[in-house]
There are 2 protein chains.
Amino acid sequence: MIGYRTYLDLIPKLIRDKEVIASSMMKEVDRCRKALELAGGGRNVALVCGGDPGIYAMAGLVYELAAKQEAPPEIEVVPGIAAVNGCAARLGAPLMHDFCAISLSDLLTPWELIEKRIEAAAAADFVIAIYNPRSKKRDWQLGRAKEIILAHRPPDTPAGTVTAAFRANEKITVTTLGELAPETVGMQSTVIIGNSRTFTWNGLIITPRGYGDKYEI
Amino acid sequence: MIGYRTYLDLIPKLIRDKEVIASSMMKEVDRCRKALELAGGGRNVALVCGGDPGIYAMAGLVYELAAKQEAPPEIEVVPGIAAVNGCAARLGAPLMHDFCAISLSDLLTPWELIEKRIEAAAAADFVIAIYNPRSKKRDWQLGRAKEIILAHRPPDTPAGTVTAAFRANEKITVTTLGELAPETVGMQSTVIIGNSRTFTWNGLIITPRGYGDKYEI
């Protein structure tokens, strides 16, 4: 089993009797290359990601590297609970209508493109799930995203933040777009901004699917 | 346990020793109301959905109904593998960058709003996951969505369809936006359209995260 140490530490029972290679953060390319190398040599290798490997995680990079090999090993992607699923569940039901997932990390994507996507999502009234909202080095992007969305939605639009969903240090904040405080958000956080119909109830964020317009509920 | 019969049939072991109430399709409001009524009476009730209850499923409706009650029961949302997670895994790694989920069902949402969202997602180069692409009665929406996206992306943009992901009757099709044939798509299908950088390899759809722009891979 190969993975980033923080994620491997979350699954002690699964790794107990396995050969384990733990790597540090920001070594994604090395990690995936190593997994392919071992699998190419005939081993069964599990590459462990946080969340869903197919959503901002390692599945794509593994395939990109495999596509450059002459005889790549067999690869299977096992889907998981992405931050977007887990954080939504902890906040209530914010994703009940059309939504976008946007990463604010401009390490691998030009900021202009990220901004264009935030603008498009805000203007077309998508619920917006923000991945990688903030890190020590990337401290202004969430504030800018908030400004862009505020040009299309009122400040009382429900907004929620979940940090470390379902882990021991989980932190859930339900607030509004206007009150959303970037400095309370970190690397393990996902931020969800409601659409024009999203409401809060009992400390939860709920986006109606539209049944109330069609039926008596 | 309460659920739509098709979903309950998928989990025979889980429902074996439970009291089960199966309902037919299109009875979502009744189903959720019944779950709340039984829970309000002191029972532990599991409302079973397909996929993730928080993504186009029952979590929101349960909360909407609970919000109208004077003393609603305690509610917990257990996240699951949504169609977006499962279908992406079966197609390779199409969702490795910013994406939108859009439902083409205009039963509860005006078509004009759906079209506006497709247009925005296409123009801002989101990967697009299309829920509810087609049914017997809704047979033209996917063709129209395809037209709108084709105005922003070339016909050779990778597109994939997964019907009944991970079930016995699973069907996976990898094609292009131009060749995408709405008549091959049904009620159990999810369609995923790549962004401008998505490629196919070995019959799979892969969207690069951007590592190749920054590192030698």
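## A two-chain model, strand by strand

Strand β1 (residues 2-4) of chain A runs parallel to β3(A), and two bridges join them. Strands here are DSSP runs of E with at least two residues, helices are runs of H or I with at least four residues, and both are numbered from the N terminus; two strands pair if DSSP finds at least two bridges between them. Within this pairing, Gly3(A) stands opposite Val48(A) in β3(A).

A word on the model itself: it is predicted, with local features needing pLDDT of at least 70 and side-chain atom pairs counting only at pLDDT 80 or more, while totals for chains, interfaces and linings use all residues. Residues are numbered from 1 along each chain as its sequence is written, and chains are lettered from A and ligands numbered from 1 in the order in which they are written.

Stepping back to the sheet, three strands of chain A form an open, parallel arrangement in the order β2-β1-β3. β2 (21-23) and β3 (47-48) of chain A are at the edges with a single partner strand each, so one side of each has no neighbour in the sheet.

Chain A is divided into two domains, with bounds from an automatic or database domain assignment:

| Domain of chain A | Residues |
|---|---|
| Domain 1 | 2-66 |
| Domain 2 | 83-206 |

Taken over C-alpha atoms, the centres of domain 1 and domain 2 of chain A are separated by 28 Å.

Now for the partner chain. A turn of 180 degrees and a shift of 0.0 Å along the axis lay chain A on chain B with an RMSD of 0.0 Å. That is the relation of a two-fold axis. The superposition is by least squares on the C-alpha atoms of residues with pLDDT of at least 70 in both copies. Cys100(A) is the residue of chain A that comes closest to the rotation axis, with its C-alpha at 2.1 Å.

How many residues does each chain bring to the contact? Chain A gives 53 residues and chain B gives 53 residues, where contact means that C-beta atoms, placed from the backbone, lie within 7 Å. On the side of chain A that touches chain B, α4(A) provides the largest share, six residues. That side divides into 34 nonpolar, 10 polar and nine charged residues; Ala, Val, Leu, Ile, Met, Phe, Trp, Tyr, Cys and Pro count as nonpolar, Asp, Glu, Lys and Arg as charged, and the others, Gly among them, as polar. The copies meet through the same surface, because 100% of the interface residues of chain A are also interface residues in chain B.

Strands meet across the chains too: β5(A) pairs with strand β5 (residues 99-103) of chain B in the antiparallel sense over three bridges. There, Phe99(A) stands opposite Ala101(B) in β5(B).

Technical notes: Two residues are in contact if their C-beta atoms, placed from the backbone, lie within 7 Å.
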